[in-house]
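Student: I'd like to go through this one strand by strand, and then look at the odd spots. Can you take my questions as they come?

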Amino acid sequence: MSTRTLGLIGSAAGGLERIRPALIEPAIARGWQVAVTLTPTAGTWLEATGEIEQIEKVTGQPCRVSPRLPSEPSPHPPIDCYLVCPASSNTVAKLALGLADNQALTSVCEAIGGQVVPVVVFPRINAAHARQPAWNSHIEGLRSAGVHLLMGNEYWPLHEPRSAPGKDLPWAKILDAVDVIVPGQGVSSSD
Ligand SMILES: Cc1cc2nc3c(=O)[nH]c(=O)nc-3n(C[C@H](O)[C@H](O)[C@H](O)COP(=O)(O)O)c2cc1C
């Protein structure tokens, strides 16, 4: 029986197409229940490939893209840890600024401010994204708010745009980091 729930947030960046086999199924095998929320663009990408249906099948949870109606209850269980992976440069910037104009950002912005549920972010970016003048201040802001950023050569060496990195995302390393932050047998906190 799962004792921890991972709120997996997917944005429109490389690796999104592999989150079910590479992240969700291994997380379930490690004892996590997984509740997935996608940004609107990520939702269109995975809808087009039929992956949303597959994700709902393996997680047993609705894959959220749109916000609920005020009259509807929250469709996901309480979350023990948010993992934003892959995080596009756009989603990282919006999180740093507290912009919550979609369901994925709404959940994570609230967790960052709530300071109860840990937030882990894997930015899947290239060297041009990192040279954007606001990038460093976004990262510093998120770090000072306690967000766990999985960055640097050990996670994702930066490549120039349109020069394929030729490697997969470090999925197991990302899950290892989440497992350290919220070890098994954790107690659920409400979202
Ligand atoms: C095929 C394709 C691949 C992309 N890969 C990335 C990526 O790896 N990292 C990134 O930051 N943006 C990437 N982008 C750009 C984002 O999809 C774009 O900035 C989008 O607005 C992000 O939306 P979201 O953050 O709301 O999901 C890619 C776009 C396309 C069309």
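Student: In strand 2, what is the bridge partner of Gly 10?

Tutor: This is a predicted model, where local features need pLDDT of at least 70, side-chain atom pairs count only at pLDDT 80 or more, and totals for chains, interfaces and linings use all residues. Numbering starts from 1 along each chain as its sequence is written. Strands here are DSSP runs (E, at least two residues), as are helices (H or I, at least four), numbered from the N terminus, and two strands pair if DSSP finds at least two bridges between them. In strand 2, Gly 10 is bridged to Leu 38.

Student: How many bridges join strand 1 to strand 2, and what unit do they make with helix 1?

Tutor: Strand 1 runs parallel to strand 2 (residues 32-38), with seven bridges between them. Add helix 1 (residues 19-29) and you have a β-α-β unit. Its hand is called right if, with the strands pointing away from the viewer, the path from the first strand over the helix to the second runs clockwise. So, with that definition, the count is seven bridges, and the unit is a right-handed β-α-β.

Student: Are the two faces of strand 1 buried or exposed?

Tutor: Buried means 20 or more other C-beta atoms within 10 Å of a residue's own, exposed means 12 or fewer, and partly exposed is in between, with C-beta atoms placed from the backbone. One side of strand 1 carries Arg 4, Leu 6, Leu 8 and Gly 10, and the other has Thr 5, Gly 7 and Ile 9. Seven of the seven residues in strand 1 (residues 4-10) are buried. Both faces, then, are buried.

Student: Which residue in strand 3 is the bridge partner of Leu 8?

Tutor: Strand 1 also pairs in the parallel sense with strand 3 (residues 81-87), over four bridges. Strand 3 is largely enclosed by the rest of the structure, because seven of its seven residues are buried. The partner of Leu 8 there is Leu 83.

Student: And which residue in strand 4 does Ala 87 stand opposite?

Tutor: Strand 3 and strand 4 (residues 119-123) are parallel too, joined by four bridges. Leu 83 turns up again here, opposite Val 120. For Ala 87, the residue across in strand 4 is Pro 123.

Student: Which strands stand at the edges of the sheet?

Tutor: The sheet is open, has five strands with parallel pairing, and follows the order 2-1-3-4-5. An edge strand has a single partner strand, so one side of it is left without a neighbour in the sheet. That describes strand 2 and strand 5 (148-149).

Student: Which peptide bond is cis?

Tutor: Look in strand 3, where Pro 86 is found. The omega there is near -5 degrees. The bond runs from Cys 85 to Pro 86.

Student: Which element gives the most residues to the shell around the ligand?

Tutor: There are 14 residues around the ligand, and Ser 11, Ala 12, Ala 13, Thr 39 and Ser 88 come nearest; near means a C-beta atom, placed from the backbone, within 6 Å. Helix 2 (40-48) and helix 4 (89-97) are the elements that give two or more residues to this shell. With three residues, the top contributor is helix 4.

Student: How many residues of that shell are polar?

Tutor: Ala, Val, Leu, Ile, Met, Phe, Trp, Tyr, Cys and Pro count as nonpolar, Asp, Glu, Lys and Arg as charged, and the others, Gly among them, as polar. The shell has four nonpolar residues and one charged. The polar ones number nine.

Student: Is Gln 115 buried or exposed?

Tutor: Gln 115 lies in the loop between helix 5 and strand 4. Its phi is positive, about 60 degrees, although it is not a glycine. With 10 C-beta neighbours inside 10 Å, Gln 115 is exposed.

Student: Where is Arg 162 found?

Tutor: Arg 162 is another non-glycine with a positive phi of about 60 degrees. It is exposed, having 7 other C-beta atoms within 10 Å. You'll find Arg 162 in the loop between strand 5 and helix 8 (171-181).
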